Each structure stands twice: as C-alpha cells, then as structure tokens.
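Let us go through this structure step by step, moving from strands to helices and then to single residues. Please keep the view open while reading.

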2 protein chains.
Amino acid sequence: MISSHNPRIPAQSPIVQEVLSGDFRAVARLITLVENGAPEAVPYLRELFPQTGRSLSIGITGAPGAGKSTLVDGLAGYFRDREKKVGIIAVDPTSPFTGGAILGDRIRMQSRFLDSGTYIRSMATRGNLGGLARATADVLLILDAAGFNIVLIETVGVGQAEVEIARTAEVTLVLLVPGMGDDVQTLKAGIMEIGDIFVINKADHAGVDRIEAEVKSGLAMSNRPDKWMPLVVKTVATEGKGIAECAQAIESWRLFQEDAHLRREKVYQIQKERLLALVSSEVQRNLLRNGRMASMLDDFARQVGDRRMDPFSAAESLLAAWERRGKTVDGENSEGREP
Amino acid sequence: MISSHNPRIPAQSPIVQEVLSGDFRAVARLITLVENGAPEAVPYLRELFPQTGRSLSIGITGAPGAGKSTLVDGLAGYFRDREKKVGIIAVDPTSPFTGGAILGDRIRMQSRFLDSGTYIRSMATRGNLGGLARATADVLLILDAAGFNIVLIETVGVGQAEVEIARTAEVTLVLLVPGMGDDVQTLKAGIMEIGDIFVINKADHAGVDRIEAEVKSGLAMSNRPDKWMPLVVKTVATEGKGIAECAQAIESWRLFQEDAHLRREKVYQIQKERLLALVSSEVQRNLLRNGRMASMLDDFARQVGDRRMDPFSAAESLLAAWERRGKTVDGENSEGREP
C-alpha cells in the first residue's frame, strides 16, 4: 500500500506510511511499541520526525478532581467543531511493577472513539528509564506526524513528572477549583509558574472570587522572561461554560508567541530538555542491557547496601567502566546501541 | 571541635563531625547544599555514608487532602514517646523556574521544631537533573548519619516521581480516604502495588466500608514476590485514632522482612535504582557543565527544533561525543568530574 497522503515522501516502512496517512490502528501499534520502550520504535520515530512540527500541543494539569478530563473533553469538542483533528494523551500514573494501564479516563471519554477526527490514548509507563516524559514526547511526535492539529495532554496528579510533562507541551493550562484544601493550595504554589493560562473550573461553586484573587495576586509577582501575562479563565466544564473563552485564551497565547518570535525559542528549549532526557535514559538502558555492566551494577548495589562502598564512588566507577567499555574487544562493544 | 559521638571515626570535616553528633544546624546546612545540587556536598556524603544503615525509612504517599501531614505528625509523636529520634522529609512539588520552597507543611508542623528529637524539612528541587528522588535519597543519608532512628518521608501528590520516592523508602504507606472521586480512584490503582501498608484515614466518614472492601479485593489479586500480604489499617489521624495500630503494622512488616531475610534484598534493590539515577544525573550534569558539550547540546536542540536533525540521532551523537571527550587534550578532560 502506497500512501498518497504526502507526495514528498520516498519509500518508507509500511507502519510509517500508515501513520502518516492518519491510520488509527498504525498509530496505536506504534504507541504501544513506545510505551513498551521497544528499541524497534526508534527507527520509525526517526522516519516520522521530519513530518512533524505542525501540531499545537496543549498541556492540561491540576489536582485530582479539578475536572481535567471534562475540560479536555470540552476543548476536544470545540476544536472538532472547527474541523481540527484532535489527539488526546491522558497520562496516568501506573504501577511500577506490572505496568498495567488504567482505564478510567478511557472509558469516560469513550464516546469520542466513534469520531474519526479524535484519537485518545491513556499512557502507561514502565519503570523509571526516562519514563513518562520520554514516552509522552514520543507519542506527541507520532500524533503530530499523523496529522493531528491539536494534541491535548492531560496529566493526572501534580508532581515532578507531571511538571516535566507540562514542559513538553507548547502551552500549559493549570486547572484550579474553588474551595481547595490546604494541601492543594500548597500544590498550587508549585505549579503557579508553569501555567500559561489558569482555568478556574467549577466557577459556579462558592469561593470562586477568592481563588481568582489569589491567582491574580500570585501572577502579579510573576516575572516571566517572555513577558507573557498569564490569562485567567473561568469555566463550568460540565456545562460547557467557558470552553470557548478557554480556546480563545490559547489562541491569544499562540499569537503572542508568534508576534514575539518566541515559538522557536520555546521549541528549542523543549528539545534541549528532551535531548538531556534521551541521553540519560540511553545511558541507563545501556547499563542494564550490557551483560558486564549489568553484573557490575548488581555487584556495586550489594557493596553499597552492605556499606562497603559509597554510592557516589560506585556511580563514578560505573560511569568510568561504561566509558571504557567501547575500547574492549569482547563482543560487547556494539551492545546497547540503537540499530 | 572534636566529636566524641563515635570513637571509631578518624579526623573528619567539621560539618561531618557536627552531623554525626546530631547537630541540627549542620544537618540543615548540608541538606541545603544537597538541595542546591552543590557538588561540594558529595565528599561530605561520602564521609557520612559508612555511618548509615541504622534508620528505618517510612514513605507515606497519597492524594492531596488525604491527611498525610496529620498522619506523619501522629506517627512522629508515637515514635518520640518511645524515645526514638524522628526525621521528617516533606517532599513538595516546586517551581522548576524559581526553585522556591513551599512553607505550608513546615508551618503546620512547626510545633515539633521545639522538640530536639524531631527534625523536619520541606524539600525543594531544581530542574530535572535527577531531581527529587536523588535529593531525597541524599537527605535520608544525612538524617540516618545524624542518628535519626525513624525517617518519615511524606510525598505530596501522586505521580511518577512520588512513586519513585516511595521506592526509596524501606516501607511504604499508602493513604486513602472514603468517598474519593473518580480521579482519585484512578490514582489509587496506580499506587495499589507500591503499598506495604494501606491506611484508610478519615475512617469516621461515610463510605469507609466500601473503600476497605475495594482495597482488600485489590490486594486479594496481588502477587508480590516477597509474599507479604499488605495490611490495612483504619485511622482518624486528626483525633490520633489508629496511630498505634499503624505503628504496629510497620513493626509487623519489619519483623516479616527480617524473618524472611528480605531486608537486605530490599536495600540492594533501593541502591541499584539509586546508582542508575546517580549515573544518569551525572551524565546530564557533565553535558551541561562541559563547555564544548553544552554548546553542542544547544546547537543540536536548535537543529532538532528546525527539523534538520531527529532527536534520536542528536542524542546518539551527544553520547558519542561525550564518550570521546576524555580522549582529547584541550583542557576540558577533567571538567565535570567530582573532586
């Protein structure tokens, strides 16, 4: 099957052609490879990469119960009504042991599966080898290549990994609700500076004025290098109220970025973080895959556990051994490299 | 000033002596160095390391509003009453831009500052260079060396970084509350398998039987390699109810681990994860600190941003250049190594 979707493209892997033609099943298959950390995914991602850079990625983060899924659903509908293809990545924390995905959000938003212009995917991740942030960046790449104009990334929970994921999106919406407890106020402070747009959801609840005032006073102290003044939007996502205003805020932000020639700088920054993450996950993967390095790691972990060696010396020796490994001729040289 | 605290120790850095003697101000100063990612901290941590391995680390995680701080406060009181020295590490998500710490928990539990047997510290982290998990492990090392018998690690929020932090503790308590919404039930599934003990807090609220049944049915399917059957404890932390049962559950777990000779295996596993994290944060740090590597990184990020190079090839070239860097003689060889 030859894709006629993009005439510039020479002969490619079948799955790459299918993804570029927007085939949902091919997209799903490639995402599964990425989630499993399968090295086979990398050559495909490489092939897809030149066809990316056309979608707008929107991160949506906030505490559990703030209504992120409902807002995502509302925004997806808004953009679909305007003939945009919409991808949704729902990032769920998942078991580090079984890697089992969680179906909650998937079921809730299932109705959109029937719409051929919307693709929704819950993300699982395994272990800590680069983890969620890396996998999310790869999925974004796939959806971008598959022709999705808008990719909404919903991160469940608020924490460091979530903050990093928010930074992989071009624009970040932070969702707040009135009447949050102490804990959540504490969290709020942590995400105050990653928000380009603040959405106060459940704006029909008591306390909306108070939280709005708090957010605005927080923002008054902000001193962003890009001089953008984050917008505050009120929504009642369950009733569809404020969704259009929210989409318009995203558009204002986009125009500001383009006017100020900031979009490229933001993209460079995102790619720099991504390269750092790729390099270190590659190092970890090599350590675990290379037989000699893996047994050295096990041996050192035991010595550290028994207090016969400190972890810093152990890490240094591992790094030195890893740097030396390319110089030995024992058949392991080429292990752990991408094909 | 010569420390008479531990006669085995030869002449040491003054700050190391002070930490070993349990001096709070020295502990605080060293933790600040660790939080700032200051390389000067490493030699001190190395010196302290042989004096560690005596404290029990207890991770407490759960969704915002579940009552983690109150439970931590209650457990701290319980162990203080039994003449244990208690350290508390409250891990807050924090701004990736300013690195500002958040004072919420610190203020709430301030009363314990007056007690010389309790040390409490809110953690901030900067950027993603190993981040929270690495800094938390270092703080644990410091508190262990300073003679704290029990270290309670409270992670705010539920997410991947939090899961990783829970894995740095020897025993992990997962806090749940009755009547959680959909989102939180989703989260719960993600942390179901990291809990050694499940604490159902606010057990005087409606819905306690339902959540208890859900947890138990979830656990019935668990198939842990260590054969430990996680305990379920009900608490009303605000009234101090169930705190003793919670502490006894921790003790049961500890005895089980020791009887089954599992503690060492757990410690090895924790150290193995730590070594992987140390190696990759060291690689990232070297990339950013080495002048030539840092400009290569910037250049590649721009090329990737402009789609002139794909991120995987860029990461590979960076890694290859980094491996080669030791072989050049341009004055940069020794950069980026620990002293």
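How many bridges join strand β5 of chain B to β6(B)? In this predicted model, four bridges join strand β5, which covers residues 171–176 of chain B, to β6(B), and the two strands run parallel. One place to look is L173(B), whose bridge partner in β6(B) is I197(B). Strand β6(B) is also joined to strand β7, made of residues 231–234 of chain B, again by four bridges and again in parallel. Here V199(B) can serve as a guide, since its bridge partner in β7(B) is V233(B). Between these two strands the chain passes from β6(B) through helix α9, residues 208–220 of chain B, before arriving at β7(B), and this β-α-β crossover is right-handed.

The faces of β6(B) deserve a second look. In a regular strand the side chains alternate between the two faces of the sheet. In strand β6 of chain B, residues 197–200, I197(B) and V199(B) lie on one side while F198(B) and I200(B) lie on the other, and all of these residues are buried, which leaves both faces of the strand covered. The helix of the crossover offers another setting, for A220(B) lies in helix α9 of chain B and counts as exposed because it has 8 C-beta neighbours inside 10 Å, where 12 or fewer is the limit for that class. The C-alpha atom of A220(B) is separated by 27 Å from that of Y268(B), and the two residues are 48 residues apart along the chain.

From here we can turn to the nonpolar interior. In soluble globular proteins, nonpolar side chains tend to be buried together. The largest nonpolar core in this model has 174 residues, and those with the most contacts inside it are V19(A), I58(A), I142(A) and L152(A), together with V19(B), I142(B) and L152(B). Which residues is V19(B) in contact with, leaving aside its neighbours within four places in sequence? They are A26(B), V27(B), L30(B), L48(B), I142(B), A145(B) and A146(B).

Chain A can be introduced through its totals. It has 13 helices and seven strands, and of its 339 residues 50% count as buried. Of the contacts in chain A with a separation of 6 or more, 73% are accounted for by residues 24 or more positions apart. A single example of a buried position is V139(A), which lies in helix α6, residues 131–145 of chain A, and counts as buried because it has 22 other C-beta atoms within 10 Å. With neighbours within four places in sequence left aside, V139(A) is in contact with I31(A), V34(A), I89(A), R121(A) and M123(A). The last of these, M123(A), is 16 residues apart from V139(A) along the chain, and their C-alpha atoms are separated by 9.1 Å.

Next come two pairs of helices in chain A. Two packed helices are described by the angle between their axes and the distance between the axes. Helix α4, residues 68–81, and helix α10, residues 243–259, both of chain A, pack at an angle of about 75 degrees with their axes 10 Å apart, and α4(A) and α10(A) are therefore roughly perpendicular to each other. Their contact is made by G74(A), L75(A) and Y78(A) of α4(A) and by I243(A), A244(A), C246(A) and A247(A) of α10(A). The axes of α12(A) and α13(A), by contrast, cross at roughly 170 degrees and come within 10 Å, so that α12(A) is roughly antiparallel to α13(A). Residues making this contact include M293(A), L297(A) and F300(A) of α12(A) and A314(A), L318(A) and W322(A) of α13(A).

The loop between α12 and α13 of chain A holds R307(A), where phi is near 65 degrees, a positive value in a residue other than glycine. R307(A) is partly exposed, with 13 other C-beta atoms within 10 Å. Is K202(A), another such residue, buried or exposed? K202(A) is buried, with 23 other C-beta atoms within 10 Å; its phi is near 55 degrees, again a positive value in a residue other than glycine, and K202(A) is found in the loop between β6 and α9 of chain A.

Note on methods: Residues numbered from 1 in each chain as written. Chains lettered and ligands numbered in written order. Predicted model: local features only at pLDDT ≥ 70, side-chain atom pairs only at ≥ 80, totals over all residues. Buried ≥ 20, exposed ≤ 12 C-beta atoms within 10 Å, placed from the backbone. Pairing = 2+ DSSP bridges. Right-handed = clockwise from strand over helix to strand, strands pointing away. Core = buried A, V, L, I, M, F, W, Y, C linked by C-beta atoms within 7 Å. Contact = placed C-beta atoms within 7 Å. Axes fitted to C-alpha atoms, helices over the stretch in contact; angles between N-to-C directions. Parallel < 35°, antiparallel > 145°, perpendicular 65-115°, else oblique.
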